[in-house]
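Please open the structure in your viewer and keep the selection tool at hand. The tour proceeds by selections, each followed by an account of what is found there.

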Amino acid sequence: MLERFRGAWAAILSPVARALIRAGVSPDLVTILGTVGVVIGALVCFPRGWLWQGVLVVTLFVFSDMLDGLMAKITNSASKWGAFLDSTSDRLGDAAVFGGILLFFVYERGSALWAGIALAALVFGQWTSYVKARAESLGFTCTGGLAARADRMVLVLVGTFVAGLGVPYVLEVTVSALAIASMITVAQRIAQVRRQAKVADVETA
């Protein structure tokens, strides 16, 4: 859903990317620093109840996810290594965000129930990404679904920010919706791959 906005964000971030390139900063360094920033911001702020503050920190570093790719494109240095580093770093950042929210429910709310639902959102979100990666490694197309990674991140950050402003139950609703949406997305992607596998089996029979 949010992929349609990548072009607009690229135009906005292009001057920043070019400035970093002139300063001698590599795309890989931006990827690493961005991931470290997301992890620290989420795991330091969220468990302490600093929700909107943590979202601001995390969001600042999340933009590195677009910056590194844009820098690689501008310098014509895109590589399989860069794509691998970016993808694996994304998984770590996502886990830190949902893990931080899980710890918030444990330490600030004392709720095992909502911590468990946050864990479900984390697990099914990671599973969604794994299904896509594994399918593509086998030569299948695996795209779409109800809640892609960018959608999940935006929704959880918006929900956490609003909760940090004092709106009740919004974070609980957000993690519940994301857990359900991620489960549906996993099922959609598995079904998509299954259809392609059946066709491939018939063609090779």
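The stops below visit a helix, a loop, a group of charged side chains, a surface patch and two cysteines. Please keep in mind throughout that this is a predicted model.

**First stop: helix α6**

Select residues 112-137, which make up helix α6. This helix has 26 residues, and the distance from its first C-alpha to its last is 37 Å. That span is close to the 38 Å expected at 1.5 Å a residue.

Now colour the buried residues of α6: A115, A118, A121, L122, G125, T128, S129, V131 and A135. What covers them? Display α5 (80-107), α7 (149-164) and α8 (170-204), for the cover of these buried residues includes these three helices.

Remaining on α6, select E136 and K132 and show their side chains. The two side chains meet in a salt bridge, with 2.9 Å from N to O. Side chains of opposite charge can pair when their charged atoms come close. E136 and K132 are four residues apart in α6, about one turn of the helix. E136 is partly exposed at 40% relative accessibility, and K132 is likewise partly exposed at 28%.

**Second stop: beyond the end of α6**

Move to G139, just after α6, where the backbone takes a positive phi of about 90°. Continue to L146, which lies in the loop between α6 and α7. Which residues does L146 touch, apart from its neighbours within four places in sequence? Select D151, A181, I184, T185 and Q188, for L146 is in contact with each of them. For a comparison of sequence and space, select F124 as well: F124 and L146 are 22 residues apart in sequence, and their C-alpha atoms are 13 Å apart.

**Third stop: a network of charged side chains**

A search of the whole structure finds five salt bridges. Select D90, R91, D94 and R149, which are linked in a network of such bridges.

Begin with R149 and D90, whose side chains meet at 3.7 Å, N to O. R149 lies in helix α7 and D90 in helix α5, so this pair ties together parts that are 59 residues apart in sequence. Is each partner buried or exposed? R149 is partly exposed, with a relative accessible area of 22%, whereas D90 counts as buried at 12%.

Next, examine D94 and R91, which form a salt bridge at 3.9 Å, N to O. These residues are three apart in helix α5, and are therefore separated by about one helical turn. D94 is buried, at 5% relative accessibility.

**Fourth stop: a nonpolar surface patch**

Turn to I32, V36, I40, V44 and W50 and switch on the surface display. These residues form a nonpolar patch on the surface, with about 430 Å² of accessible area together. One of them, I40, is found in helix α2, residues 27-45.

**Last stop: C45 and C142**

Finally, select C45 and C142. Where do they stand with respect to the surface, buried or exposed? C45 is buried, with a relative accessible area of 9%. C142 is buried as well, at 0% relative accessibility. How many disulfides are there in the model? A pair of cysteine sulfur atoms must lie within 2.5 Å to be a disulfide, and by this rule the count is zero.

Technical notes: Residues numbered from 1 in each chain as written. Predicted model: local features only at pLDDT ≥ 70, side-chain atom pairs only at ≥ 80, totals over all residues. Heavy atoms only, no water. Buried < 20%, exposed > 50% of the residue type's maximum accessible area, 1.4 Å probe, protein only. Helix = DSSP H or I, 4+ residues; strand = E, 2+ residues; numbered from the N terminus. Expected span 1.5 Å × (residues − 1). Contact = heavy atoms within 4.5 Å. Patch = residues over 30% accessible without salt bridge, like charges linked within 9 Å, V, L, I, M, F, W, Y side chains within 5 Å. Areas by Shrake-Rupley, 256 points an atom, 1.4 Å probe, with all protein chains shown as cover. Salt bridge = Lys/Arg side-chain N within 4 Å of Asp/Glu carboxyl O.
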